[in-house]
Amino acid sequence: MGPTKRRARFARHILDADLPMPARYLEVGSFEGDSLAFVHALLKGRVRVTAIDPFENYDELPGIEMSTVERRFLANVKAIGAEVRVLSLKTKEDGVTDGTRTRNSQNHNLGLYH
Ligand SMILES: C[S@@+](CC[C@H](N)C(=O)[O-])C[C@H]1O[C@@H](n2cnc3c(N)ncnc32)[C@H](O)[C@@H]1O
């Protein structure tokens, strides 16, 4: 299944779920926030997001500076006016995210909800 069909199916699942509004959306691995922006637009902004991402450089995305990605993510979230609580959690060697915050993580709460 290509990315367009996958995204269409993702949208259908969300819309068919008949979620109470504002919906709550937990996203693990947000990168620059593309999926988050998609869900936000799909639900016409009636969504509260918790985004978890360590924003640490890692092997699967070689050559990508994740501190830059994190800045773009925050700028994108701000640009769309989404209500997002961001947890920048450190990953352990096995790739599992634990509850430790990264060195410079302020668990960015973009001022919108707790
Ligand atoms: C391929 S990107 C995801 C794409 C993103 N959903 C989008 O809309 O563009 C993978 C993301 O997962 C994050 N990630 C990697 N390991 C993770 C972990 N153990 N827990 C949470 N996020 C993780 C990376 O930092 C990266 O931002």
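Here is a short chat about the predicted model above.

Trainee: What should I know before I start?
Mentor: Residues are numbered from 1 along each chain as its sequence is written. This is a predicted model, where local features need pLDDT of at least 70, side-chain atom pairs count only at pLDDT 80 or more, and totals for chains, interfaces and linings use all residues.

Trainee: In what order do the elements of the chain run from the N terminus on?
Mentor: Helices (H or I, at least four residues) and strands (E, at least two) are DSSP runs, numbered from the N terminus. The chain has 3 helices and 5 strands. Their order is α-β-α-β-α-β-β-β.

Trainee: How many residues of H1 are buried?
Mentor: H1 covers residues 3-16 and spans 20 Å from first C-alpha to last, close to the 20 Å expected (1.5 Å times one less than its number of residues). A residue counts as buried if 20 or more other C-beta atoms lie within 10 Å of its own, as exposed if 12 or fewer, and as partly exposed in between, with C-beta atoms placed from the backbone. H1 is hardly covered, and its count of buried residues is 0.

Trainee: What is the strand order in the open sheet of 3 strands?
Mentor: Two strands pair if DSSP finds at least two bridges between them. S1 and S2 pair in the parallel sense over 6 bridges, while S2 and S3 do so over 5 bridges. That sheet has the order S1-S2-S3.

Trainee: Which strands are at the edges?
Mentor: An edge strand here pairs on one side only. The two edge strands are S1 (23-28) and S3.

Trainee: What angle does the direction of H2 make with that of S2?
Mentor: H2 (residues 34-42) packs on the sheet and touches S1 and S2. Axes are lines fitted to C-alpha atoms, for helices over the stretch in contact (C-beta atoms, placed from the backbone, within 7 Å), and angles run from 0 to 180 degrees between N-to-C directions. For H2 and S2 the angle is about 170°.

Trainee: Which residues of S3 point to one face and are buried?
Mentor: Side chains alternate along S3 (residues 83-87). Glu83, Arg85 and Leu87 point to the other face and are not buried. The buried ones are Val84 and Val86.

Trainee: Which residue in S3 is the bridge partner of Arg48?
Mentor: Arg48 has Arg24 standing opposite it. In S3, the bridge partner of Arg48 is Glu83.

Conventions. Contact = placed C-beta atoms within 7 Å.
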